[in-house]
Amino acid sequence: MKIFSGIQPSGTLHIGNYLGAIKNWVKLQQDNDCVFCIVDLHAITVAYDAKKMPQRIFELAVDLLACGISPQKSILFVQSDVKEHTELGWILSTITPLAELERMTQYKDKSGQHKENINAGLLCYPTLMAADILLYQTQAVPVGQDQKQHVELTRTIAHKFNNTFGETFVIPKPLIYNTGAKVMSLTDPTKKMSKSAGPDSYIALIDEPKIIAKKLAKAVTDPARKRIADKGHPEKCNIFTLHQLFSPAKQISKIDKDCQSAKIGCVGCKKILTKNIAQELAPFRAKRQELLVSPQTVKDILANGAKQAQNQASSMASKVKQVMGLGLSS
Ligand code: AMP
Ligand code: TRP
């Protein structure tokens, strides 16, 4: 199957990004044709520091490779290195109804958060995302729950284009995995884990075991459990959800029983989780250190990825221009 997904270079990765997206990408690349993109053009729709951007892009590439994205199996590249993304993004914006863009949840959230900078790019974010996906004849788009709406809009845009100009695009499907699709914040488990709520609310992939322990110690648990003798309700506890994502099956069922019968307290339960998360992230941290000291290798991987992506994107962009009667091609 042809797979495409993207991720913004907007700072440290957290376990929500890992479980909701990257871990699935690593599995998918084993037996699919995968294209993964560092979407720098999406990241500039909010205020950012241009001086820090190259480092952010580089570190995200390092992190993805350290998580197990393999340049032998997948194409990994930076969005702005393949100019067809902006080209098709513009074209698609001309067939996308304004009302569809205005009803996007992410646009409503972000324009609320960045009142001083509600730019047209923030509104047209989904048409650029549609261009990313449609350029590669993508069949499936692995994303977290929060991006489902954008993939649905991509389908609507692709159908409309095909109906207007003739069969051109493959209609992509969102690929959402139930486990890890929405990892909740440590400090407010009613909200999704995100960088914007501050470092105590998330566990970063680069966090050392000591930091993981500190963050988990402060994390919100079952609010009904005040004393260690109180019986717990694992199904209502964010820490238990994290156990389900990081701990071995046997341990999960033991913790479930022990918490309900007050045999284990929150402190003990968090200690086990700290150990399991640290253990899962240890190979990532080691690989990351290796890659950080060989920047040229990483840059070569991205340059080679861009070349391969460009090959595919340019033939699709020519086809689009041709069916639309644009340029000299028609
Ligand atoms: P972002 O950092 O928001 O650009 O997200 C990158 C990827 O991680 C996207 O596929 C998101 O859907 C996914 N993601 C972000 N936050 C979470 C979360 N708390 N739980 C699960 N997936 C997430
Ligand atoms: N909007 C996505 C996010 O914030 C990132 C993204 C950009 C993307 N283009 C994409 C994801 C294409 C999947 C496919 O997470």
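This passage describes the surroundings of ligand 2, a pocket and the aromatic pairs in a predicted model.

The shell around ligand 2 was examined first. It holds 13 residues. Q8, Y125, M129, D132 and Q147 are the closest of them. Sorted by class, seven residues of the shell are nonpolar, five are polar and one is charged.

Three of the closest residues were then examined for polar contacts with ligand 2. The side chain of Y125 places a polar atom 2.6 Å from a nitrogen atom of the ligand. Q147 also meets a nitrogen atom of ligand 2, and here the distance to an N or O atom of the side chain is 3.0 Å. For Q8, the partner is an oxygen atom of ligand 2, which lies 3.3 Å from a polar side-chain atom. Each of these pairs qualifies as a polar contact because the cut-off is 3.5 Å between N or O atoms.

Burial of the ligand was computed next. On its own, ligand 2 exposes 370 Å². The protein buries 90% of that area. Two elements give two or more residues to the shell around ligand 2: strand β1, residues 2–7, and helix α7, residues 120–134. The largest share comes from α7, with four residues.

Helix α7 also contributes to a pocket. The second largest pocket encloses about 170 Å³ of space. Its lining consists of L41, I44, T45, T86, G89, W90, G121, C124, Y125, T127 and L128. Y125 thus appears in this lining, and Y125 is also among the residues closest to ligand 2. Again α7 gives the most, here with five residues of the lining. Helix α4, residues 84–93, likewise supplies at least two residues. By class, the lining of this pocket has six nonpolar and five polar residues. No charged residue takes part in that lining, whereas the shell around ligand 2 has one.

Aromatic rings were considered last. A pair of such rings is described by the distance of the centres and the angle of the planes. The model contains five aromatic pairs. One of them joins W25 and F36. Their ring centres lie 4.5 Å apart, and the planes differ by 5°. This pair counts as stacked, because the angle is under 30 degrees. W25 belongs to helix α1, residues 15–28, and F36 to strand β2, residues 33–38, so the pair ties together parts that are eleven residues apart in sequence.

Key: Residues numbered from 1 in each chain as written. Chains lettered and ligands numbered in written order. Predicted model: local features only at pLDDT ≥ 70, side-chain atom pairs only at ≥ 80, totals over all residues. Heavy atoms only, no water. Near = heavy atom within 4 Å. Polar contact = N/O pair within 3.5 Å; in protein donor to acceptor, adjacent residues only side chain to side chain. Areas by Shrake-Rupley, 256 points an atom, 1.4 Å probe, with all protein chains shown as cover. Nonpolar A, V, L, I, M, F, W, Y, C, P; charged D, E, K, R; others polar. 1 Å grid on protein atoms, 1.4 Å probe; cavity = no way out; pocket = protein on both sides within 12 Å on 5 of 7 lines; lining within 4 Å. Points joined across faces, edges and corners; volume = space filled by probe spheres on them. Phe/Tyr/Trp six-rings, centres within 6.5 Å; stacked < 30°, edge-to-face > 60°.
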